[in-house]
Amino acid sequence: MEFKHKDLLGLEDLSAEEMVYILDQAESFKEISERPIKKVPTLRGKTVVLFFYEPSTRTRTSFEIAAKRLSADSVSLSASTSSMVKGETLADTARNLEAMNPDAIVLRHSSSGAPHLLASLVRSAVINAGDGTHEHPTQGLLDMLTMRQVKGRLDRLRVAIIGDIAHSRVARSNMIGLSKMGAEVRVCGPPTMLPPGLEQAYGVSVFFRPESALEGADVVMMLRVQMERAQAPLFPGLREYARLYGLSAQRLALAAPDAIVMHPGPMNRGVEISPEVADGPRSVILNQVTNGVAVRMALLYLLIGGERES
């Protein structure tokens, strides 16, 4: 199969077959990270610009490690150290970056659609590392890779996504990707955190009580409450939220006996997830981080390396 996309802007642009292809490529790249010398010359001479307009730990570091393991040169920019603090527009920043002829630009931005604008202005491959409340496609892919590794399949998996659905680009990418892969997706949260029309838009089931969403679930994905994106208070307080929606060992017992627990990070321990569950035997949260490097290596290879070049 040939990967024909110039950019990766969202899972809504990919077919199920293309997502499986990316996951298979990522599986083959995992082995590199387990070697004593974790480096191959695959992307030697290529340049990857990491432009993170919003703070990030896992995604930014993961992309940087992925580029270095493929021998690409990476350059990091942030909004606070770029000319955007002086009033330069994203379009002008894009044209200036294009003049330096990078091979790929990885963009995280607070505005939904910013990577799409960038991709329309530059010849370089653009990878969406999270745009506003729209999508976070590489997170969706690494989540699916983790599920597939542990469960052996994605088709017919019962996945419960619980928390701040309204502001979560991770939830959107997972709803889109998992639905295309044939999983049964359940979303749950306070009514103030559940946008209307999710059933029709994404083909998911909506629940307001976590106990109902958790019953028999194979995968439980907890989401952080994104108070920085909320325009007004969405619930009485963190203690009340933890009591009603937090994942405790008692609540987890409602899921399937072999259910796994996931979280895209950063976690608010004691709010959406208890420490005993986050660090427990059913948690695969650190596996997600490991798989993030492999997925991002695969995407850099597919967009600016092997196939596209050949």
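This is the transcript of a short talk on the predicted model of a single protein chain.

Good morning. I shall begin with the chain as a whole and then turn to particular elements and residues. Please keep in mind throughout that the model is predicted.

The chain contains 13 helices and nine strands. Its C-alpha atoms fill a box of roughly 55 × 45 × 35 Å along the principal axes. How does the radius of gyration agree with that of a compact globule? For 310 residues, a compact globule would have a value near 19 Å, and the chain has 19 Å, so the two agree. Of the 310 residues, 57% are buried. The accessible surface comes to about 13100 Å², and carbon and sulfur atoms account for 52% of that area. One further figure concerns the contacts between residues at least 6 apart in sequence: 73% of these join residues at least 24 apart.

Let us now consider two strands, β3 and β4. Strand β3 covers residues 104-109, and it pairs with β4 in the parallel sense over five bridges. Within this pairing, H109 stands opposite D131 in β4. As general background, side chains in a regular strand alternate between the two faces of the sheet. Why may we call β4 largely enclosed by the rest of the structure? Strand β4 spans residues 125-131, and seven of its seven residues are buried, so the description is justified.

After β4 we come to G132, which lies in the loop between β4 and α5. With a relative accessibility of 1%, G132 counts as buried, because the limit for that term is under 20%. G132 and H109 are 23 residues apart in sequence, yet their C-alpha atoms are 6.3 Å apart in space.

The loop leads to helix α5, residues 137-151, and I should like to pause at T146, which belongs to this helix. Is T146 buried or exposed? T146 is buried, with a relative accessible area of 0%. Its side chain reaches the backbone oxygen of L142 at a distance of 2.8 Å. Which residues touch T146 once its neighbours within four places in sequence are set aside? They are M262, V284, N287, Q288 and N291.

Two further helices deserve attention. The first I shall discuss is α2, residues 58-69, which has twelve residues and reaches 16 Å from its first C-alpha to its last, close to the 16 Å expected at 1.5 Å a residue. The buried residues of α2 are T59, R60, S62, F63, A66, A67 and R69. What covers them? The cover includes the strands β1, β2, β3 and β4, together with the helices α5 and α12. Just after α2, S71 takes a positive phi of about 70°.

The other helix is α6, residues 169-180. It also has twelve residues, and it reaches 17 Å between its first and last C-alpha, close to the expected 16 Å. Helix α6 is mostly covered, with ten of its twelve residues buried. Those buried residues run from R169 to L178, and include V170, S173 and M175. At the N-terminal end, S168 caps the helix: one of its side-chain oxygens lies 3.4 Å from the backbone nitrogen of V170. After α6 comes G182, whose phi is positive, near 90°.

Finally, I turn to some details of the backbone. In general, most residues other than glycine have a negative phi, and most peptide bonds are trans. Against that background, three places may be pointed out.

N101 is not a glycine, yet its phi is positive, near 60°. It is found in the loop between α3 and β3, and it is exposed, with a relative accessible area of 54%.

R156 likewise has a positive phi, of about 70°, although it is not a glycine. R156 sits in the loop between α5 and β5. Its relative accessible area is 56%, so R156 counts as exposed, the limit for that term being over 50%.

The third place concerns a peptide bond. G265 and P266 are joined by a cis peptide bond, with omega about -5°. P266 lies in the loop between β9, residues 260-262, and α11, residues 275-278.

To close, I would ask you to find two residues in the structure: T146, buried in α5, and R156, exposed in the loop between α5 and β5. Thank you for your attention.

Methods:
Residues are numbered from 1 along each chain as its sequence is written. This is a predicted model: local features need pLDDT of at least 70, side-chain atom pairs count only at pLDDT 80 or more; totals for chains, interfaces and linings use all residues. Side-chain values use heavy atoms; hydrogens and water are left out. Helices (H or I, at least four residues) and strands (E, at least two) are DSSP runs, numbered from the N terminus. The expected span of a helix is 1.5 Å times one less than its number of residues. Buried means under 20% relative accessible area, exposed over 50%, partly exposed in between (1.4 Å probe, protein chains only). A polar contact is a pair of N or O atoms within 3.5 Å; within protein, one must be able to donate a hydrogen and the other to accept it, and residues adjacent in sequence count only if both atoms are side-chain atoms. The radius of gyration is taken over C-alpha atoms; the globule rule is 2.2 Å times the number of residues to the power 0.38. Contact means heavy atoms within 4.5 Å. Accessible areas come from the Shrake-Rupley method with a 1.4 Å probe; for residues, only the protein chains shown count as cover. Two strands pair if DSSP finds at least two bridges between them.
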